[in-house]
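Thanks for coming. I will go through one structure this morning, piece by piece, and keep to what can be read from the atoms.

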Amino acid sequence: MKNDFIKPILVLSLICLVISGALAVTNNVTEPVIASASEQREETAKFEIIPDAEGFIDIDAEGLPTTITEAYSTTNNVGYVFIITANGYGGDVRIICGIDNEGRMIRCSALQQSETKGLGSRVAEPSFQDQFIGVDKRLEGVEAISGATISSSAYIGAIRDVFAAYELITGRG
Amino acid sequence: MDFRLLVIILMSAVLVNNYVLRQFLGICPFLGVSKDLKNATGMSIAVIFVMLMATAVTWPIQVYLLDRNNLGYLQTIVFILVIAALVQLVETVLKKYIPALYVALGVYLPLITTNCAVLGVTIANFTRTTPYNFIESMVNALGSGLGFFLAMVVFSGVRGRVESSEPPKPFEGLPITLISAAILSVAFFGFNGVIENLFG
Amino acid sequence: MKRLANLTNGIIKENPVLVLVLGTCPTLAVSTQASNAVGMGIAATAVLLGSNIFISLLRNIIPDKVRIPCYIVLIAGFVTVAQMIVQAYAYSLYEALGIYLPLIVVNCIILGRAEMFANKNGVLDSALDAIGMGAGFTLTLLVMASIREILGSGTWFGMQVPWLVDNNVSIMTMAPGGFIIFGCMIALVNKITKGKGRGSSDAGCEGCPSAAACGKVAEQEVSL
């Protein structure tokens, strides 16, 4: 009788242990690959935003808006790159954008987003993103997407934060 | 606490990102248990209940146990075990202390362990770049459960009519049910602008 | 000969998606693009192969009482490994599959095959069954995704299809399109098999092999 009770628990615990161990081993192998691949992707994304850049330097400034997750200046001084997370309602959007030394937007694009397909996801499409090219902090001519105002307003708000961060870092208005 | 954000999370989970009709989670019970209103309601209430419980338990586990010890990769395995154990526990407790509720919900509980909507909601709370905090997660779970409830109840009404119809022979049974689910899913497109118009 | 049947059963006669009506959630969700469908199919097949082999190996060791939790742990383990590998080596697929990748755990095909086949049969047969079922799942996903991608986006594996590119029916890639195409495919199978598939009956939980895993559902549903 006793065996009937102990054996199942023993087997189940043993399986759990073995599986966890196997997962730990796999994780050790794949974790560095995942990390380096993710770094590689961000690096490529940064160069896509500012193709003229030779390299990027991490900026660690105080008081940046909380939405800014990363900020970089360029080694050859052609502009700045910011990575921001904007909150939509279906999920959040990570945006990368570059600003040149005159305070104008070079380009911005969504790194990844989980917005509702076909609706909020339109913020990742060129028709929306391209309107930011060349604008300065006044964001003249930028319009939200009708029917997806929350997602696009979140995006536009994030872009405002980028300009705020730019001013803070460069000290220019 | 941003109350407006919570309402947006709730509404979008119920209407816009409806788990069943938009994200295809929980299709099996949606097709299997939606035949009459009573079963549909019982199943949905059990799902809401388990979703809330599962979120309440998995959120602290993920944040305080897994993330702190760099064990994020155990998420799937831990979550599914927690849900299975939780369902078992709820069943036992209900049976013993609230027999009336057990009679109403008990049948559906074992089905829920393998319901992807429940595991889905617990994982979805953490898939965002900025994961939901505890309250947001609970609201998201409630919304997802209510969305499931809404889809089930509405669809059980639709099915009543579909059952009495006479489709072409090969379409009888499941195919015609799926086609009517498609039409219901189109109907839910109508909710797309709701949140934008209310809170935009 | 019987061995061969184990392999081919899953592809046509017992096609997990269209005849047994299992794994509907991922079928509907990831069949928007052919490449995602193939990725999902391969990932699920790998998990199924791993779980079937191990469950078959351990079938005399695992006590009957805790077999379901044991299966779930094993399956979840394989799913997590698959998740890590996809994230490390196929990141775009990882992003495209999103939450449906970890949800392979609750894909009823896998638990269903464990319960219906692997715990009663030898390792080789279980492996063949897994490959057959996996192939059936992958093929069905591919066909469905091809239809949806070609009609909905005017592309196939990302290649543009002339004319359809400019005249796509985008609802096909959205949720309703999934339900419609799936319904039509099951109707077609019904037509061919003359109603022998389970698809012709109602998709009640009674028919789901996980129902056994769910405990007493089968008998309780009757008593309702």
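**An enclosed helix, and what surrounds it**

I start in chain C, with helix α4(C): 21 of its 23 residues are buried, so this helix is largely enclosed by the rest of the structure. Before going on, please keep in mind that this is a predicted model. From its first C-alpha to its last, α4(C) reaches 33 Å, close to the 33 Å expected for its 23 residues at 1.5 Å a residue.

Now a wider look at chain C. It has 10 helices and two strands. Going along the sequence, the order is α-α-α-α-α-α-α-β-β-α-α-α, which puts the two strands after a run of helices. The chain has 224 residues, and 57% of them count as buried. What share of the contacts in chain C between residues at least 6 apart in sequence join residues at least 24 apart? The share is 73%.

Chain A can be described in the same terms. Three helices and five strands make up its list of elements, and they come in the order α-β-β-β-β-β-α-α. Of its 173 residues, 35% count as buried. Among its contacts between residues at least 6 apart in sequence, 48% join residues at least 24 apart.

Next, the place where chain C meets chain B. On the chain C side 49 residues are in contact, and on the chain B side 39. Which helices of chain C each supply at least two residues to this side? They are α2 (24-30), α4 (67-89), α6 (108-118), α8 (175-193), α9 (210-213) and α10 (217-223). The enclosed helix from the beginning of this talk, α4, is therefore one of those that supply residues here. The most comes from α8(C), with 12 residues. By class, the side of chain C that touches chain B has 32 nonpolar, 14 polar and three charged residues.

One residue to look at here is C:Leu103. It sits in the loop between α5 (91-97) and α6 of chain C. Is C:Leu103 buried or exposed? C:Leu103 has 23 other C-beta atoms within 10 Å, and the cut-off for buried is 20 or more, so C:Leu103 counts as buried. Setting aside neighbours within four places in sequence, C:Leu103 is in contact with B:Cys116, B:Leu119, B:Gly120 and C:Pro26. That list includes residues of chain B as well as one of chain C. C:Leu103 and C:Val79 are 24 residues apart in sequence, and their C-alpha atoms are 8.4 Å apart.

I stay in chain C for two helix pairs that share α6(C). In the first pair, the axes of α3 (residues 34-57) and α6(C) come within 10 Å and cross at roughly 30°. That angle makes α3(C) roughly parallel to α6(C). The crossing is right-handed. From α3(C), the residues that meet α6(C) are C:Val47, C:Leu48, C:Ser51, C:Asn52, C:Ile55 and C:Ser56. On the α6(C) side they meet C:Ile109, C:Ile110, C:Arg113, C:Ala114 and C:Ala118. This contact has seven nonpolar, three polar and one charged residues.

The second pair is α6(C) with α7 (residues 123-153) of chain C. Their axes come within 11 Å and cross at roughly 145°, and this crossing is right-handed. Here C:Ile109, C:Arg113, C:Phe117 and C:Ala118 of α6(C) meet C:Ser126, C:Asp129, C:Ala130, C:Met133 and C:Phe137 of α7(C). The residues of this contact divide into six nonpolar, one polar and two charged. C:Arg113 is among the residues of α6(C) that meet α3(C), and C:Arg113 also meets α7(C).

Chain B has a helix pair of its own to show. Helix α3 (residues 37-67) and helix α8 (residues 134-163) of chain B pack at about 165°, with their axes 9 Å apart. That makes α3(B) roughly antiparallel to α8(B), and the crossing is right-handed. The contact has 18 nonpolar, seven polar and no charged residues.

The last stop is B:Thr130, in the loop between α7 (116-124) and α8 of chain B. B:Thr130 has 15 C-beta neighbours inside 10 Å, so B:Thr130 counts as partly exposed. B:Thr130 and B:Val7 are 123 residues apart in sequence and 18 Å apart in space, C-alpha to C-alpha.

Technical notes. Residues are numbered from 1 along each chain as its sequence is written. Chains are lettered from A and ligands numbered from 1 in the order in which they are written. This is a predicted model: local features need pLDDT of at least 70, side-chain atom pairs count only at pLDDT 80 or more; totals for chains, interfaces and linings use all residues. Two residues are in contact if their C-beta atoms, placed from the backbone, lie within 7 Å. Helices (H or I, at least four residues) and strands (E, at least two) are DSSP runs, numbered from the N terminus. Ala, Val, Leu, Ile, Met, Phe, Trp, Tyr, Cys and Pro count as nonpolar, Asp, Glu, Lys and Arg as charged, and the others, Gly among them, as polar. Axes are lines fitted to C-alpha atoms, for helices over the stretch in contact, and angles run from 0 to 180 degrees between N-to-C directions. Angles under 35 degrees count as roughly parallel, over 145 as roughly antiparallel, 65 to 115 as roughly perpendicular and the rest as oblique. A crossing is left-handed if the near helix is turned anticlockwise from the far one by less than a right angle, and right-handed if clockwise. A residue is buried if 20 or more other C-beta atoms lie within 10 Å of its own, exposed if 12 or fewer, and partly exposed in between; C-beta atoms are placed from the backbone. The expected span of a helix is 1.5 Å times one less than its number of residues.
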